[in-house]
Amino acid sequence: MIFTIPRPCPELLWREGAYLTPAELSSLLEDCTGHTLEDTTDEDGEQIFYVRTPGGERLEDGYPFEDLETVGDLVGWRIDEALASLDS
């Protein structure tokens, strides 16, 4: 019998500095800010990411992002701020 251990919630993964999948980062970002992450591919078939506003529009800050680390650089402070407010 094989048992699968469920992954911790995205909030815990973020706080520990662990890797988040695109879906996990999108879920956490939405919970904290209302923004979401669009995971798609470009014309060459490479994975790219866009941050979407709560209204569904793509952020215009020169994107798409080529990796999740760069997305984290843009939105990380917003996630940290939202999680800190939960702790107080």
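At the start of helix α3, a side-chain oxygen of Asp 67 comes to within 3.2 Å of the backbone nitrogen of Glu 69. This is a predicted model, and in it α3 runs over residues 68–87, with a bend of about 55 degrees at Val 75. Val 75 is also one of the buried residues of this helix, which include Leu 68, Val 71, Gly 72, Leu 74, Gly 76, Ile 79, Ala 82 and Leu 83 as well. An α-helix has 3.6 residues a turn, so residues three or four places apart point the same way. The cover over the buried residues of α3 includes the helices α1 (10–16) and α2 (22–33), together with the strands β1 (36–41) and β2 (47–52).

The same helix can be followed to the largest pocket, to whose lining α3 gives the largest share, three residues. About 170 Å³ of space lies in this pocket, and the residues lining the pocket are Trp 14, Gly 17, Ala 18, Tyr 19, Leu 20, Leu 25, Leu 68, Glu 69 and Gly 72. By character, the lining consists of six nonpolar residues, two polar ones and one charged one.

From the pocket, the reader may turn to strand β1, where Glu 38 is found. Glu 38 counts as buried because its relative accessibility is 17%, which is under the 20% cut-off. The side chain of Glu 38 makes a polar contact of 2.8 Å with the side chain of Arg 52, and another, of 2.9 Å, with the side chain of Arg 58. Apart from neighbours within four places in sequence, Glu 38 is in contact with Ile 48, Phe 49 and Tyr 50, as well as with both of these arginines.

Definitions and conventions:
Residues are numbered from 1 along each chain as its sequence is written. This is a predicted model: local features need pLDDT of at least 70, side-chain atom pairs count only at pLDDT 80 or more; totals for chains, interfaces and linings use all residues. Side-chain values use heavy atoms; hydrogens and water are left out. The bend at a residue is the angle between axes fitted to the seven residues ending there and the seven starting there. Helices (H or I, at least four residues) and strands (E, at least two) are DSSP runs, numbered from the N terminus. Buried means under 20% relative accessible area, exposed over 50%, partly exposed in between (1.4 Å probe, protein chains only). Contact means heavy atoms within 4.5 Å. A polar contact is a pair of N or O atoms within 3.5 Å; within protein, one must be able to donate a hydrogen and the other to accept it, and residues adjacent in sequence count only if both atoms are side-chain atoms. On a 1 Å grid over the protein atoms alone, a cavity is a set of points where a 1.4 Å probe fits but cannot get out, and a pocket is an open set with protein on both sides within 12 Å along at least five of seven lines; lining residues have an atom within 4 Å of a point. Grid points are joined across faces, edges and corners, and a volume is the space filled by probe spheres set on the points. Ala, Val, Leu, Ile, Met, Phe, Trp, Tyr, Cys and Pro count as nonpolar, Asp, Glu, Lys and Arg as charged, and the others, Gly among them, as polar.
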